[in-house]
Amino acid sequence: MKKIIRSATAGTLESSDALVTVAPHENGVVIEVDSVVQKQFGEEIFRAVEETLRALEVKDARVSVVDRGALDCVIRARVETAVLRGEEDA
Amino acid sequence: MLRSMLFLPGNTPGIIINGEILGADAVILDLEDAVAPTEKDSARVLSRNAIKYMGFGACQVIVRINGIDTPYWQKDLDAIIPVKPDFIMPPKVSCAQDVEAVDQYITALEEKCGFEKNTIKLIPLIETALGIENAFAIAASSKRIAGIFLGGEDLTADLHCKRTKEGHEIQYARCRMVCAARAAGVEVFDTPFTDVNDDEGIYTDAQYAKSLGFSGKSAISPRHVQAINEVFSPSLKDIDYAYEVMEAIRIGKSQGKGAVALRGKMIDAPIVARAQQTIDMAKALGLGREE
């Protein structure tokens, strides 16, 4: 299990990218999504974040995503990088 | 077939997602010079995901990893090898031992991933004076080597000279690279033309590289891809001539002739070999005709 011990970011606010911030949090995962395509893809983005956290075995974290039209695989990459930067052994 | 290879910065999704529609035969996802040291981790995860989930259509995928003198190259390979890119490009390769280090590391990863050995090929980037002098040893150093690639910018810094549009300063390196690659039986790729606004210069530079024997050329701008593809593709005239050569040989053989002439010129083995190369390339490009 990965433990987030510090706030960390990955990605940018450039078009087709997303800025992802992870921060320590107790009792589960909190995900906030702010996207230029919120109406159409908000749920998919949320799910991509959730699945990535699960795959990385992150149980407790606050995750914020500011999306600028990033593809699913880009969002997953940015979440993973932010987690790697914020985890205990980073 | 790699006529054109387009560099894409490995941490810029807005550029990477368009990789397959820019017309290049291959994209080079760059984890080295195009990525700041603080973003190396981010670039390798993004590039890995791009290869794994997006794909690049008919485009082949090359990943330029960081140099073996950095703390990044093994992590780059750990992330990238499992998603099976077509080629890995190790930069600043100066001797056969540099290739061996990368080769051994990839071999272990291929085994771990259950890939057949030597699935992932190497295109070493040669961009130092020592690398140029060792070009043949590098080109012949591993079964993974698909080709060698000349990096003119770093090379001229190492040579203590200025990189110019004319490229006289890399003339020796170009010729040496072609000779080394052909002697080792691998392909050879030319350095990019770096003035992205010079639409005529790219033609001249690519034509010159082709005339020396290069297999293809890299680009740092999508604007150069079409010119490179045009220059490194056989013309219809070349294709017609190649078929004429093969037909003349066929007729000559059927008549039991030891020597065959076409348009008043003797056709010898090198001409036949070049004709066959032209036909093979034309077919690969869909330019072939019914034989």
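**Close-up views of a two-chain predicted model**

**View 1. The nine-stranded sheet of chain B.** In this predicted model, chain B carries an open sheet of nine strands, ordered β5-β4-β3-β2-β1-β9-β8-β7-β6, and the pairing is parallel. At the edges sit β5 (121-122) and β6 (125-126) of chain B, each of which pairs on one side only. The close-ups that follow pick out a few of the strand pairs in this sheet.

**View 2. From β1 to β9 in chain B.** Strand β1 (residues 4-9) of chain B runs parallel to β9(B), and three bridges link the pair. To find your way in, look for Ser4(B): its bridge partner in β9(B) is Lys217(B).

**View 3. Phe189(B), with a partner on either strand.** Here we move along to β8(B). Strand β7 (residues 147-150) of chain B is parallel to strand β8 (residues 187-190) of chain B, with three bridges between them. β8(B) is also joined to strand β9 (residues 216-219) of chain B, again in parallel, by two bridges. Phe189(B) is a handy landmark for both pairs: Phe149(B) stands opposite Phe189(B), and Phe189(B) in turn stands opposite Gly216(B) in β9(B).

**View 4. Ile220(B), just past β9.** Follow chain B out of β9 and you reach Ile220(B), in the loop between β9 and α10 (225-231). Is Ile220(B) buried or exposed? It has 20 C-beta neighbours inside 10 Å, so Ile220(B) counts as buried; the cut-off for that is 20 or more. Leaving out residues up to four places away in sequence, Ile220(B) touches Phe7(B), Pro192(B), Thr194(B) and Val196(B). Try the C-alpha distance to Met5(B) as well: the two residues are 215 apart along the chain, but their C-alpha atoms are separated by 8.6 Å.

**View 5. Ile126(B) and the nonpolar core.** The largest nonpolar core has 96 residues, and the members that touch the most other members are Val27(B), Ile28(B), Ile62(B), Ile126(B), Ile148(B) and Met177(B). Helix α2 (residues 72-86) of chain A is the biggest contributor to this core, giving seven residues. Zoom in on Ile126(B) and, with residues up to four places away in sequence left out, you'll find it touching Val93(B), Gly131(B), Ile132(B), Ala135(B), Ile138(B), Ile148(B), Phe149(B), Leu150(B), Gly151(B) and Met177(B). A second, separate core has seven residues, among them Ala242(B), Val245(B), Ala275(B) and Met281(B).

**View 6. Two residues in chain B with positive phi.** Most residues other than glycine have a negative phi. Lys92(B) isn't a glycine, yet its phi is positive, at about 50°. His160(B) isn't one either, and its phi is also positive, at about 60°. Lys92(B) is in the loop between β4 (87-89) and α4 (96-113) of chain B, while His160(B) is in the loop between α7 (152-158) and α8 (171-184) of chain B. Which of the two is buried, and which is exposed? Lys92(B) counts as buried because it has 21 C-beta neighbours inside 10 Å. His160(B) has 8 C-beta neighbours inside 10 Å, so it counts as exposed.

**View 7. The two domains of chain B.** The domain assignment splits chain B into domain 1 (4-231) and domain 2 (236-284). Between the C-alpha centres of domain 1 and domain 2 of chain B the distance is 34 Å.

**View 8. The four-stranded sheet of chain A.** Chain A has an open sheet of four strands in the order β1-β2-β4-β3, this one with mixed pairing. Its edge strands, each pairing on one side only, are β1 (8-10) and β3 (29-35) of chain A. On average, neighbouring strands of this sheet are turned by 15° against each other, direction ignored. β3(A) pairs with strand β4 (residues 61-67) of chain A in the parallel sense, over seven bridges; one spot to check is Asp34(A), whose bridge partner in β4(A) is Val66(A). Helix α1 (residues 38-55) of chain A packs on the sheet and touches β3 and β4 of chain A, with its direction at about 145° to that of β3(A).

**View 9. Where chain B meets chain A.** Contacts between the chains involve 11 residues of chain B and 14 residues of chain A. On the chain B side, α1 (13-16) and α2 (40-54) each supply at least two residues. Which element of chain B gives the largest share of that side? It's α2(B), with eight residues. By class, the chain B side has seven nonpolar, three polar and one charged residues.

Notes
Residues numbered from 1 in each chain as written. Chains lettered and ligands numbered in written order. Predicted model: local features only at pLDDT ≥ 70, side-chain atom pairs only at ≥ 80, totals over all residues. Contact = placed C-beta atoms within 7 Å. Nonpolar A, V, L, I, M, F, W, Y, C, P; charged D, E, K, R; others polar. Core = buried A, V, L, I, M, F, W, Y, C linked by C-beta atoms within 7 Å. Buried ≥ 20, exposed ≤ 12 C-beta atoms within 10 Å, placed from the backbone. Domains from an automatic or database assignment. Pairing = 2+ DSSP bridges. Axes fitted to C-alpha atoms, helices over the stretch in contact; angles between N-to-C directions.
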